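Let's work through some exercises together, one step at a time. Keep the structure open beside you as you read.

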Amino acid sequence: MQEKKSVLEQHIAVFGESGSGKTVLVSSFYGAAQEASFLKQSLYRVVADDIGQGSRLNRNYLGMRDEAKAPDATRFAATSYAFSIKLKDPPSVKAAKARPFEALRLVWHDYPGEWFEQGVSGEEEATRRVDTFRSLLGSDVALLLVDGQRLVDHAGEEERYLKSLFSNFSNGLLSLKDDLLDSGKPLAQFPRIWIMALTKADLLPEMDAFRFRDLLDLKAADHLNELRSVLAGFVQYPDAMSVAEDFLLLSSAKFEPNKIEVSKRVGIDLVLPVAAILPLERHARWARVQQLPAKVADGIITNGARLLAAALLGKDHPGVLGKVLALINPDVVDEAAQIAGDKLRELNQQAITKQNYVTATLTRFQMDLDRGEENQVLLRSLK
Ligand SMILES: Nc1nc2c(ncn2[C@@H]2O[C@H](COP(=O)(O)OP(=O)(O)OP(=O)(O)O)[C@@H](O)[C@H]2O)c(=O)[nH]1
Ligand SMILES: [Mg+2]
């Protein structure tokens, strides 16, 4: 009997106010991955689980690329998009059999920020809001969008925008707390990595990830601290959390008066690597630096992070997910998270030669993140 291959699922939660660029972002992410040039050189394909949704996203993308038309607003719509990252079949059957998993499933949850801004109208919407929030609790990573256009509009007095943005988030989260926590008991599963992401970065050509961090520190430090303590109130072991310690610049395209240049993207190619690699890197560090008791450390490492760590190292564990996981201890996660530089490139090369596309893809993701940092599009937590 053939054993069932596993599909590894990672979730990412995207929080952004109306108009901050959520729909354009997901359309640009998906559409670009359907271009012939991407398919040719990539070891994986991005496939929408819902075909109709996939064509809508691609249509949004083509509308921008060919007709300079941005997608319609989807105000108040909380949408989840499920994509499968399907690895190409290696030519050799042996290599195909040895794969630890066949696909990485990325579930992308949009949470409309205006639910935080203006409270909700009526009981039904309140329920929908709680349900939506609950659905994204399985995410390891959350992106909190800061709208570049709003920064431009508030040039010189950015604090006015930033403070209202962060306090809306804090207040919105607090208003959900009673509904989300069962008699006040903090959650084990909750996004622990909250990345500050600047959208429409093309409008701020001087900006880099360091300047973005400095801007937030300078103009909204107190409000960010407030947000940190609110988020800490939701989770068990709140020390194992990074809120506003990672910064990412995003631009889904370069928007000009009669032209939208979708090929001029910034940071979009880091979304997958961030979703796949950051959790395992961060979990390993929390366990190591904070000297969490072994059982706790073990408990906060998600299954996804474990499996990814083993796969990144090229440790082949084909078979049933439960059995595989039992073999992967926190040391493996730690080892995977610390691989860098020449060693990483070597591992990547070896994996390509051996047609181990899982390891090749994950080591490539790790290299993408390193390159993102070199280009100052990404700044990872220094802690
Ligand atoms: N310059 C620039 N403009 C962008 C970018 N992304 C989005 N925009 C602009 O922002 C507008 C709103 O983007 P959407 O993606 O529709 O925003 P949203 O967050 O989905 O908004 P709602 O659907 O109302 O929740 C677009 O119509 C574009 O004009 C970007 O990367 N660069
Ligand atoms: Mg939208």
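Helices (H or I, at least four residues) and strands (E, at least two) are DSSP runs, numbered from the N terminus. This is a predicted model, in which local features need pLDDT of at least 70, side-chain atom pairs count only at pLDDT 80 or more, and totals for chains, interfaces and linings use all residues. Residues are numbered from 1 along each chain as its sequence is written, while chains are lettered from A and ligands numbered from 1 in the order in which they are written.

**Exercise 1. Describe the protein chain as a whole.**

Step 1. Start with the secondary structure, which comes to 16 helices and 10 strands.

Step 2. Next, look at burial. A residue is buried if 20 or more other C-beta atoms lie within 10 Å of its own, exposed if 12 or fewer, and partly exposed in between, with C-beta atoms placed from the backbone. Of the 383 residues in the protein chain, 43% count as buried.

Step 3. Finish with contacts: two residues are in contact if their C-beta atoms, placed from the backbone, lie within 7 Å. Among contacts between residues at least 6 apart in sequence, 79% join residues at least 24 apart.

**Exercise 2. Compare the settings of two alanines with positive phi.**

Step 1. Find alanine 68 in the loop between helix H3 (51–67) and strand S3 (80–87). Its phi is near 50°, a positive value in a residue other than glycine.

Step 2. Count around alanine 68: there are 15 other C-beta atoms within 10 Å, so this residue is partly exposed.

Step 3. Now move to alanine 244, which sits in strand S7 (residues 242–249). Alanine 244 is not a glycine either, yet has a positive phi of about 55°.

Step 4. Because 22 other C-beta atoms lie within 10 Å, alanine 244 is buried.

**Exercise 3. Which residues are closest to ligand 1, and which helix gives the largest share of the shell?**

Step 1. A residue is near a molecule if its C-beta atom, placed from the backbone, lies within 6 Å of it. The shell around ligand 1 has 22 residues, and the closest are Gly21, Lys22, Thr23, Val24 and Ala70.

Step 2. Sort the shell by type. Ala, Val, Leu, Ile, Met, Phe, Trp, Tyr, Cys and Pro count as nonpolar, Asp, Glu, Lys and Arg as charged, and the others, Gly among them, as polar. The shell then has 8 nonpolar, 10 polar and 4 charged residues.

Step 3. Helix H1 (residues 22–32) provides the largest share, 3 residues.

Step 4. Check the burial of H1: 11 of its 11 residues are buried, so H1 is largely enclosed by the rest of the structure.

**Exercise 4. Work out how helix H8 packs against H6 and H9.**

Step 1. Axes are lines fitted to C-alpha atoms, for helices over the stretch in contact, and angles run from 0 to 180 degrees between N-to-C directions. Angles under 35 degrees count as roughly parallel, over 145 as roughly antiparallel, 65 to 115 as roughly perpendicular and the rest as oblique.

Step 2. The axes of H6 (residues 122–135) and H8 (residues 158–180) cross at roughly 80° and come within 10 Å. That angle makes H6 roughly perpendicular to H8.

Step 3. Val130, Phe133 and Arg134 of H6 meet Leu176, Asp179 and Leu180 of H8. These contact residues comprise 4 nonpolar, no polar and 2 charged.

Step 4. H8 and H9 (residues 209–232) pack with axes 9 Å apart, at an angle of about 5°. These two helices are therefore roughly parallel to each other.

Step 5. The residues of the contact between H8 and H9 divide into 12 nonpolar, 3 polar and 5 charged.

**Exercise 5. Trace the surroundings of two residues in strand S5.**

Step 1. Alanine 142 belongs to S5 (residues 141–147). With 22 C-beta neighbours inside 10 Å, alanine 142 counts as buried.

Step 2. Beyond four places in sequence, the contacts of alanine 142 are Ala13, Phe15, Pro191, Ile193, Trp194 and Ile195.

Step 3. Leucine 145 is also in S5, and counts as buried with 23 C-beta neighbours inside 10 Å.

Step 4. The C-alpha atoms of leucine 145 and methionine 196 are separated by 6.3 Å, although these residues are 51 apart along the chain.
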